[in-house]
Amino acid sequence: MAVLLRVVVDLAGQEEEIKVYHPPGELSRENQKRAEDLDKFLTKEVPVSAERIIRLPNRTRSMWKWHLFGQELRRIVDGNELVLDRDLKEGYIWEAIKQHLPENFGLKGAGQARVRKSGTLLSSHRGHLPVCYAVAHYDWKDVSWIRRWTDWCAIYYRESMWKDHRVLVSLQKEIESMDTYPKGAEFREIIGNLAKETTKRDLEVLDDSTIVEKVHRAVVQAGLKRDESGSSERLMVQ
């Protein structure tokens, strides 16, 4: 359970870049060897995946582009015996992959070493890479209705909402029944309303009809549809 990360440190007043095992602390020789083998693997495979994304036309739709990148991340990570659960849980693997991306990849911090700062923590779910990894959990046909990358991010950052396929199916049906696709602020309001509807509730324990009802109510509350009785709730978003 370790990865090697490039870190910029101050040595006798000089900034130098070194490789450091993460998580910090004493590691077994077995885990050090695992981290070294993983570093060699990423050095070879990450640039290959990055090049496939870089070669895409400039006009490529961002949702499709980052779904493709998510598939590349899953090719690298899933089933890889060099990547352990803690590497994913604590975000070490995402930082390691990011450091192996070329700087022209179009992602802030790509190819750059970390600057060691007291209290700076890695995150397992924040940042671009885990969001891409998450969207590739689904086949493209299941998420292609989402038109903006920021719309997917709104879903992803609402706890486990993105993990429940029923939520995506219900959202797709609601949105495709509208005359026009929601604007960014409208989409975020729908997701925010749905989050309030399911506050402190595990979506997995809700039955299918309840999921459908709550998604519909979230859309109505955003002023984008009439309720089931035919009356209206905020038909125009103020």
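Colleague: What covers the buried residues of α9?
Modeller: In this predicted model, the cover includes α7 (149-156), α8 (165-176) and α10 (208-221).

Colleague: How many residues of α9 are buried?
Modeller: 10 of its 14 residues are buried, so the helix is mostly covered. Among them are Phe187, Ile190, Ile191 and Leu194. Glu186, Asn193 and Glu197 are also on the buried list.

Colleague: What span should α9 have, and what do its end C-alpha atoms give?
Modeller: Helix α9 covers residues 184-197, and at 1.5 Å a residue its 14 residues should span 20 Å. The end C-alpha atoms are 20 Å apart, which agrees.

Colleague: Switching to cysteines. How many disulfides does the structure hold?
Modeller: The count is 0. Cys132 is in no disulfide, and the nearest cysteine sulfur, that of Cys153, is 8.0 Å away.

Colleague: Why is there no bond from Cys153 to Cys132?
Modeller: Because their sulfurs are 8.0 Å apart, which is too far for a bond. The cut-off for a disulfide is 2.5 Å.

Colleague: Are those two buried or exposed?
Modeller: Cys132 is buried, with a relative accessible area of 0%. Cys153 is buried as well, at 17%.

Colleague: And the whole protein: how many helices and strands?
Modeller: There are 10 helices and 3 strands. Along the sequence the pattern reads β-β-α-α-α-α-β-α-α-α-α-α-α.

Colleague: What share of the protein is buried?
Modeller: Buried residues are 46% of the 238. The accessible surface is about 13,500 Å², with 48% of that belonging to carbon and sulfur atoms.

How values were computed
Residues numbered from 1 in each chain as written. Predicted model: local features only at pLDDT ≥ 70, side-chain atom pairs only at ≥ 80, totals over all residues. Heavy atoms only, no water. Buried < 20%, exposed > 50% of the residue type's maximum accessible area, 1.4 Å probe, protein only. Helix = DSSP H or I, 4+ residues; strand = E, 2+ residues; numbered from the N terminus. Expected span 1.5 Å × (residues − 1). Contact = heavy atoms within 4.5 Å. Areas by Shrake-Rupley, 256 points an atom, 1.4 Å probe, with all protein chains shown as cover.
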